[in-house]
Each structure stands twice: as structure tokens, then as C-alpha cells.
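Grab a pen and work through these exercises with the model open beside you. Each task comes with a step-by-step solution, so try it yourself before reading on.

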Amino acid sequence: MKRKVLLGVLIGLLIFSAGTSFAACKNTMALFTAYKAKRLCSDVFISMRDPEIIQSQDLAAVRAFPAIIDYAGKAVTVTFQGKIRKRAIYREGCGCTLVNYATEEEVLNQARVYVEPRPRHPQNVPWPTGDLTPKAELPAGVDKVKLAEAMDKAFSEPDPKKPRRTRAVVVVYKGRIIAERYASGFSQSTPLLGWSMTKSVTNALIGILVGQGRLLIQEPASVPEWSGADDPRRSITLDQLLRMSSGLKFIEEYTKNSDATCMLFGTHDTAAYAASQPLETEPDSKWSYSSGTANILSRIVRGAVGGTSADYFAFPRQALFNRIGMRSAIMEPDASGTFVGSSFMYATARDWARFGLLYLQDGVWEGTRILPEGWVDYSRRPTPKAPQGRYGAQFWLNAGNPSDETKRPMPLLPTDLFFASGFEGQSVTIIPSKKLVAVRLGLSQAKGAWNLEEFLADVLKAIP
């Protein structure tokens, strides 16, 4: 009976599905096991959530896989039938890392330096850098009733078969928080996984290094695997990686053993896995969404920062997070010590909103330029081969076709809208023409459970 239940769980798994051969099935079980170890570790030690709730909601599909949480050692071990064992360990300031093809000692020795988040007392520092928000009336013209209706709808559950599970919403208009709500069990201080929104943060780190003169986006990317004189990949530029037009072969699927799942949960070096892929087409001849290229970018950041692992681990906080008050933000590295820049970053809803506000303000924060001049415009410039003008440089767009902007991904919304987007319905949306940033975090696993366009259209009804 237990075996039948387990098989039923696996069949219904939304993230992976078992292969037909024994070898593929065995590999799939390892991915299941690793996925649970990593997610449970991060949600327990970063988000500080109840493991029973995590396993019954976020990890329901792999609940049957036994997990041991070591609170003293800050680690999670998950097994499958006593034959497959995966372990993830937590480090202060670094989050959780899967110990794949490495020892715990090797991972722990990468860096033991902790950079303190700033500001130290955010409750005493005014928003947006701190959490002290004014109690004054909403900005003129904001419709309170329509805004409340939009929030109520975002947290409603109209279809029990397709739960939305909205967990946090923060709406910022003209620099002020005009709406903020959390589901039961979540709060202003709960960091949540952004999944592929991490790609947009990787964009920011690249931009900072470009501003410092340490990276040039139109030059060939610094990738050791492509250094051979006759390697056709050696001409791929940083710009082509940022725009997902590198031509590299990469299967971005989450319904089978694909490059994406194997890279994230079956390797110890995500960038090396992605960089090993061959060319499928000529660079700039095709747009193809790829988490692999984001992890190559993350390793390029590592090389540009230089120095020790400690220097690299400290870079996001010193160069970005602390400068705009993103105290909770944690980018998690793989076992090789490179941030998983495609997928693994946690932050509170307010910190995700701060990130969006930085881009709304053209990379300037309280009078100080964080991103180089022109970087935001570059990031939201449509990639030529991306259909409907839907993708820029690690950001999704709503630009529409060059010849007909009415043919755009979200026709109900403005063409200048751009956004960071993550699995299960995570989003940070920036609409410059409306001076608006909207953050939504949740667990919308069923197809069609969450409609971002509808949510944003409802919010815009309340904005003058």
C-alpha cells in the first residue's frame, strides 16, 4: 500500500516526472531527494517556517521521502528507500547548499565571513531604506475601495482545485507603500524564495560591475570551457548571455529529467554544467529561455569580483543589498561556491519591492547611483528574436511586436511594464508610466491558478 501511495505521489509531481528506464528512474529519485533536501533546508532555516506545513504544502508531492532536520547542525538530510541520501547544509548569510559531489568540510571552508545586513535598526529608518512608514493618507487620487478589492481578490481562493496560495503582496506607488498584506503564517519579516526572479538580481550585479569597468557586455564572455582556439562558443558575448540569445543548447523544462532539473539538483557546479552545453544555433539567431545562462553569468560575476570566496560571497550584500536596505536578501551558492544566479534567492516581500523600486528609479537610490546610467534602459530593451518583445536582459517585458505593440503578452497592461518572474507565481513588476511597483509571492502550482495580468489590471484600476 505504501508503495502504491508513493507511486501516486510521484505521478502527480509537478516539478519532475519519472523516466521510463531503470537508469532514468533512479536518476529521477535522486533529483526528488535532492529537491526536498534543498527546499526544506532553506524554508526552515531562512524562512523560519514550520516544517510540517512546508511538507504538507510546498513539498506535498515528495512528503513520503523521509527527512531529518538537524537544528543544532543546521542541516537537512532526505533519503529514498534507504539507498539514496541527499543533504543540504545552512550557513549564515549564504543560506542552504546541496552537498553534491563535495564534502561538507569543503563547502564549509569556502567562506566563514559574515557581512552584517544594514541598516541595523530598520524600524527607526524611514522607508524605503528602512521599515518606518508614514501613517498619512494615501497619495491623492488612489481609490481605497478598488485597491482593497484588488487585494481581497489576490488572496481569494475561487477554485479549490487550483489554489492560489498568495502569501504576500506589496504595492508601491510614487515611492510609498499603498497596500501590503500577508497570508496566515507569513509576515513582513518572512523571506520567501524568488525562483527565477533571482535572474533579475544577477542582472543588477552584472550592471554594477559594468559600471565599475570590470565587465564589458559587448565583449566575448569569460568562460574557461570556451577558450579553445577552434571552439565556436568563444565568441558568445556577455550581452548574448544576458538576453538568452547565446545559441547554447539547454532544455528548460520541469516535467522530466531536463538540463534545468539536473543542473539545479543533480550537480555540484551549476555554471560548469551549463557551460559544457554545445551550440545549438548561431548566437543571436534565436531566443531561448535558459536558466543555464544565468548561472554562467553568476560565475562571470565571481571572476570579475576576484579575490577569495569570502570576497565573492560578500559582494551582493556590499554592492547592492545593504545599499538599498535589502536586509533579508540571501543568494544561495552551489557546492562549488558559485551563486545559483538562476533560481536560489530568498527575500521578504518588502525587500523584493525595494529591488523593484531601484529599477523604477533608474538605478538611483536616495540620490546615490547604484546601477550605471543607462543600465535600466538596456535591461528593458527588447531582445530582437524574443517574440512579442517579451524579453530584455534577464527581465520579462510587455513591449509588443516592433510593428504592432498591441500584440503583446499582456494586452491589458502598459507597454513600458517590465518584471522579474519566478516559478509558482512570484513576480516583481515595474511600471514606470504609473510610478508603480507590485510584488506578489505565493505557491500557485496548478496551471492557471494565478493570473498576473488580471491582478495588475485590478491594481491599476485604483491608480489615477
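**Exercise 1. Decide whether Arg 350 is buried or exposed, then find what surrounds it.**

Step 1: Look up the relative accessible area of Arg 350, which is 6%. Buried means under 20%, exposed over 50%, and partly exposed in between, using a 1.4 Å probe and protein chains only. So Arg 350 is buried.

Step 2: Place Arg 350 in the fold: it sits in helix H12, residues 349-360. Helices here are DSSP runs of H or I with at least four residues, strands are runs of E with at least two, and both are numbered from the N terminus.

Step 3: Follow the side chain of Arg 350, which gets to the backbone oxygen of Asp 131 at 3.3 Å. A polar contact is a pair of N or O atoms within 3.5 Å; within protein, one must be able to donate a hydrogen and the other to accept it, and residues adjacent in sequence count only if both atoms are side-chain atoms.

Step 4: List the contacts, meaning heavy atoms within 4.5 Å. Skipping neighbours within four places in sequence, Arg 350 touches Trp 127, Asp 131, Thr 133, Val 170, Ile 177, Glu 180, Tyr 182 and Gln 188.

A word on ground rules: this is a predicted model, where local features need pLDDT of at least 70, side-chain atom pairs count only at pLDDT 80 or more, and totals for chains, interfaces and linings use all residues. Residues are numbered from 1 along each chain as its sequence is written, and side-chain values use heavy atoms, with hydrogens and water left out.

**Exercise 2. Find which peptide bonds are cis at Pro 119 and Pro 128, and say where these prolines lie.**

Step 1: Check the bond between Arg 118 and Pro 119: it is cis, with omega about 0°.

Step 2: Do likewise for Trp 127 to Pro 128, a cis bond with omega near 15°. Trp 127 is also one of the contacts of Arg 350.

Step 3: Locate the prolines. Pro 119 is in the loop between helix H4 (104-108) and helix H5 (144-154), and Pro 128 is in the loop between H4 and H5 too.

**Exercise 3. Work out the strand order in the open sheet of four strands.**

Step 1: Read off the order, S1-S2-S3-S4, with antiparallel pairing. Two strands pair if DSSP finds at least two bridges between them.

Step 2: Pick out the edges: strand S1 (67-70) and strand S4 (95-98) each pair on one side only. From one strand to the next, the twist averages 20°.

Step 3: Zoom in on strand S3 (residues 84-91), which pairs with S4 over four bridges in the antiparallel sense. Tyr 90 has Cys 96 of S4 as its bridge partner.

Step 4: Now look at Lys 74, in the loop between S1 and strand S2 (75-80). Its phi is near 55°, a positive value in a residue other than glycine. Lys 74 has 34% relative accessibility, so it counts as partly exposed.

**Exercise 4. Describe the surroundings of Gly 400 and Ser 379.**

Step 1: Gly 400 is in the loop between strand S12 (396-397) and strand S13 (418-422). With 6% relative accessibility, Gly 400 is buried.

Step 2: Beyond neighbours within four places in sequence, Gly 400 contacts Gln 388, Gly 389, Glu 405, Lys 407 and Arg 408. The C-alpha atoms of Gly 400 and Thr 415 are 7.0 Å apart, with their positions 15 residues apart along the chain.

Step 3: Turn to Ser 379 in helix H13 (residues 375-379). Ser 379 is at 0% relative accessibility, so it is buried.

Step 4: Leaving out neighbours within four places in sequence, the contacts of Ser 379 include Asn 203, Tyr 359, Gly 392 and Phe 395. Ile 84 is another story: 42 Å separates its C-alpha from that of Ser 379.

**Exercise 5. How does the radius of gyration of the protein fit a compact globule?**

Step 1: Apply the globule rule, 2.2 Å times the number of residues to the power 0.38, with the radius taken over C-alpha atoms. For 464 residues, that puts a compact globule near 23 Å.

Step 2: Compare: the protein has 21 Å, which agrees.

Step 3: Add that buried residues make up 58% of the 464 residues.

Conventions
Axes fitted to C-alpha atoms, helices over the stretch in contact; angles between N-to-C directions.
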